[in-house]
Amino acid sequence: MGLDVGDKRIGVALSDPGGMLASPFTIIDCKDAVADVEAITGIISQQQVKQVIVGLPRLMDGSLGEQAEKVKAFTQKLCSHTEVPVEFRDERLTTVSAKRLMRDANTKKAKSKAKHDAIAAALILQGYLDEKH
């Protein structure tokens, strides 16, 4: 499972059983940390997820900014509610790439604002899968 954690939404992506191809799965509209963690652990359970890859939004110089610290804090809460291994992956520019992919695919604006989070999660997960294989 790949996660693109934001302030308003969390993009979720899943891979195929063989761990070769990542696909956008859903968007979680953020309510509060408890509800958001519950939604993610529900997906982990339902989809029999074996590992979670969380995008860490580093600054362009590689350092951790305010958003990265928020993602780390949220991920700590998630880790305390699941035994599935959780790993961070640098997500610099994945949302930009997701928006560009959607624009190139001619996706309607109303849908695209939310969908780009799930596509960004898929890009994060696909990068991890490509490195792993």
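This report walks through a predicted model of a protein chain, from its sheet and helices to its core and its charged pairs.

**The sheet and the helices beside it**

A good place to start is the open sheet, where 5 strands are arranged in the order 3-2-1-4-5 with mixed pairing. Strand 3 (22-29) and strand 5 (86-90) stand at the edges with a single partner strand each, so one side of each has no neighbour in the sheet. From one strand to the next, the twist averages 25°.

Let us look at one pair of strands. Strand 4 and strand 5 run parallel and are joined by 5 bridges. If you want to find a bridge in the structure, look for glycine 55, whose partner in strand 5 is arginine 89.

Two helices lie across the strands. Helix 1 crosses strand 1, strand 2, strand 3 and strand 4, and runs at about 150° to strand 3. Helix 2 lies across strand 1, strand 2, strand 4 and strand 5, running at about 160° to strand 4.

**The nonpolar cores**

In soluble globular proteins, nonpolar side chains tend to be buried together. Here the largest nonpolar core has 20 residues, and Met1, Leu3, Ile10, Ile40 and Val52 touch the most other members. Two or more residues each come from strand 1 (2-5), strand 2 (9-15), helix 1 (33-46), strand 4 (52-56) and helix 2 (66-79). A second, separate core holds 9 residues, including Ala13, Ala22, Ile124 and Leu125.

Which residues does valine 52 touch, leaving out those up to four places away in sequence? The list is Met1, Leu3, Ile44, Leu78, Val84, Pro85, Val86 and Glu87.

**Two buried residues outside the nonpolar list**

Glutamate 91 sits in the loop between strand 5 and helix 3 (94-104). Is glutamate 91 buried or exposed? Its relative accessible area is 8%, and buried means under 20%, so glutamate 91 is buried. Not counting residues up to four places away in sequence, glutamate 91 touches Asp4, Gly55, Leu56, Pro57 and Ile124.

Glutamine 126 belongs to helix 4 (residues 109-132) and is also buried, at a relative accessible area of 17%. The side chain of glutamine 126 reaches the backbone oxygen of methionine 20 at 3.0 Å. Apart from residues up to four places away in sequence, glutamine 126 touches Met20, Leu21 and Ala22.

**Charged pairs**

Side chains of opposite charge can pair when their charged atoms come close. The count in this model comes to 4 salt bridges, and the table shows some of them.

| Salt bridge | Closest N to O |
|---|---|
| Lysine 70 and aspartate 7 | 3.4 Å |
| Lysine 70 and glutamate 66 | 3.8 Å |
| Glutamate 131 and arginine 89 | 2.9 Å |

Glutamate 131 lies in helix 4 and arginine 89 in strand 5, so their pair ties together parts that are 42 residues apart in sequence. Glutamate 131 is exposed, with a relative accessible area of 59%. Salt bridges that share partners join Asp7, Glu66 and Lys70 into one network.

How far apart in the chain are the members of this network? Lysine 70 in helix 2 and aspartate 7, in the loop between strand 1 and strand 2, are 63 residues apart. Lysine 70 and glutamate 66, by contrast, both lie in helix 2, 4 residues apart, about one turn of the helix. Lysine 70 is partly exposed at 37% relative accessibility, while aspartate 7 is exposed at 52% and glutamate 66 is exposed at 62%.

Conventions. Residues are numbered from 1 along each chain as its sequence is written. This is a predicted model: local features need pLDDT of at least 70, side-chain atom pairs count only at pLDDT 80 or more; totals for chains, interfaces and linings use all residues. Side-chain values use heavy atoms; hydrogens and water are left out. A nonpolar core is a set of buried Ala, Val, Leu, Ile, Met, Phe, Trp, Tyr and Cys residues joined through side-chain atoms within 4.5 Å. Buried means under 20% relative accessible area, exposed over 50%, partly exposed in between (1.4 Å probe, protein chains only). Contact means heavy atoms within 4.5 Å. Two strands pair if DSSP finds at least two bridges between them. Axes are lines fitted to C-alpha atoms, for helices over the stretch in contact, and angles run from 0 to 180 degrees between N-to-C directions. A polar contact is a pair of N or O atoms within 3.5 Å; within protein, one must be able to donate a hydrogen and the other to accept it, and residues adjacent in sequence count only if both atoms are side-chain atoms. A salt bridge is a side-chain nitrogen of Lys or Arg within 4 Å of a carboxyl oxygen of Asp or Glu.
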